[in-house]
Amino acid sequence: MTYEVNGKTLEATENGYLVNQDDWDKDVAQAIAAAEGLSLTQDHCDVIDYLRDAYINHNGEQPNNRAILKAMQDKWVGRKVDNKTLFDLFPGNPSKQAGKVAGLGSIASADWMPL
């Protein structure tokens, strides 16, 4: 599978995860989101930014749905934030689908095979 972004062809796994995480930028996120049937809003971007921060700054940590929920409750103060909120944003499973849009691999996906 590939994504075409700004005249570049980016390699992705069979399940749509970027092969080279360094290829990621916001235009790539838009392309992956479109392929997932998503139109990114600021709320989507908040989740994506949180996941990228956790992955890049915390040794490859990939937060699960519970951790994402807690982080967004802290970020979106004064709003009701629950699992439905996250699944409305990322119906394909927030941690996996948002991680894909964020350009992160998924050790929970079939793409990951131990050596």
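Helix α1 (residues 26–35) has four buried residues, V28, A29, I32 and A33, where buried means under 20% relative accessible area, exposed over 50% and partly exposed in between, with a 1.4 Å probe and protein chains only. They sit on the same side of α1 because they cover an arc of only 135° around the axis, the arc being that of the directions from the helix axis to the C-beta atoms. This is a predicted model, in which local features need pLDDT of at least 70, side-chain atom pairs count only at pLDDT 80 or more, and totals for chains, interfaces and linings use all residues. Residues are numbered from 1 along each chain as its sequence is written, and side-chain values use heavy atoms, with hydrogens and water left out. Helices (H or I, at least four residues) and strands (E, at least two) are DSSP runs, numbered from the N terminus.

**Around helix α1**

- Among the elements that cover the buried residues of α1 are β1 (2–5), β2 (8–11) and α5 (94–101); contact here means heavy atoms within 4.5 Å.
- An α-helix has 3.6 residues a turn, so residues three or four places apart point the same way.
- At the N-terminal end of α1, D25 acts as the cap, with a side-chain oxygen 2.9 Å from the backbone nitrogen of D27. A polar contact is a pair of N or O atoms within 3.5 Å; within protein, one must be able to donate a hydrogen and the other to accept it, and residues adjacent in sequence count only if both atoms are side-chain atoms.
- Just after α1 comes G37, which takes a positive phi of about 80°.
- K26 also belongs to helix α1, and this residue is exposed, with a relative accessible area of 53%.

**The nonpolar core**

- The largest nonpolar core has 28 residues, and V47, M72 and V101 have the most contacts inside it. Such a core is a set of buried Ala, Val, Leu, Ile, Met, Phe, Trp, Tyr and Cys residues joined through side-chain atoms within 4.5 Å.
- Two or more residues of this core come from each of β1, α1, α2 (42–57), α3 (65–75), α4 (83–89) and α5.
- Leaving aside residues up to four places away in sequence, M72 touches D46, V47, Y50, V81 and L86.

**How α2 meets α5**

- Two packed helices are described by the angle between their axes and the distance between the axes.
- For α2 and α5, the axes come within 9 Å and cross at roughly 85°. Axes are lines fitted to C-alpha atoms, for helices over the stretch in contact, and angles run from 0 to 180 degrees between N-to-C directions.
- The two helices, α2 and α5, are therefore roughly perpendicular to each other; angles of 65 to 115 degrees earn that label, while those under 35 count as roughly parallel, over 145 as roughly antiparallel and the rest as oblique.
- On the α2 side, V47, I48 and L51 meet S95, A98, G99 and V101 of α5.

**Helix α3 and N65**

- N65, I68, L69, A71 and M72 are the buried residues of α3. Their arc of only 170° around the axis puts them on the same side of α3.
- These buried residues of α3 pack against α2, α4 and α5.
- N64 caps the N-terminal end of α3, placing a side-chain oxygen 3.1 Å from the backbone nitrogen of R66.
- What does the side chain of N65 reach at 2.8 Å? The partner is the backbone nitrogen of S95.
- N65 is buried, with a relative accessible area of 16%, and touches L86, F87, N93, P94 and S95, not counting residues up to four places away in sequence.

**H44 in helix α2**

- H44 lies in helix α2 and is buried, with a relative accessible area of 6%.
- The side chains of H44 and T41 are joined by a polar contact of 2.9 Å.
- Residues touched by H44 are S39, L89 and F90, again not counting residues up to four places away in sequence.

**Two loop asparagines with positive phi**

- N6 sits in the loop between β1 and β2 and has a positive phi of about 50° although it is not a glycine.
- At 61% relative accessibility, N6 counts as exposed. The C-alpha atoms of N6 and K26, 20 residues apart along the chain, are separated by 11 Å.
- N59, in the loop between α2 and α3, has a positive phi of about 55° although it is not a glycine.
- N59 is exposed, with a relative accessible area of 82%.
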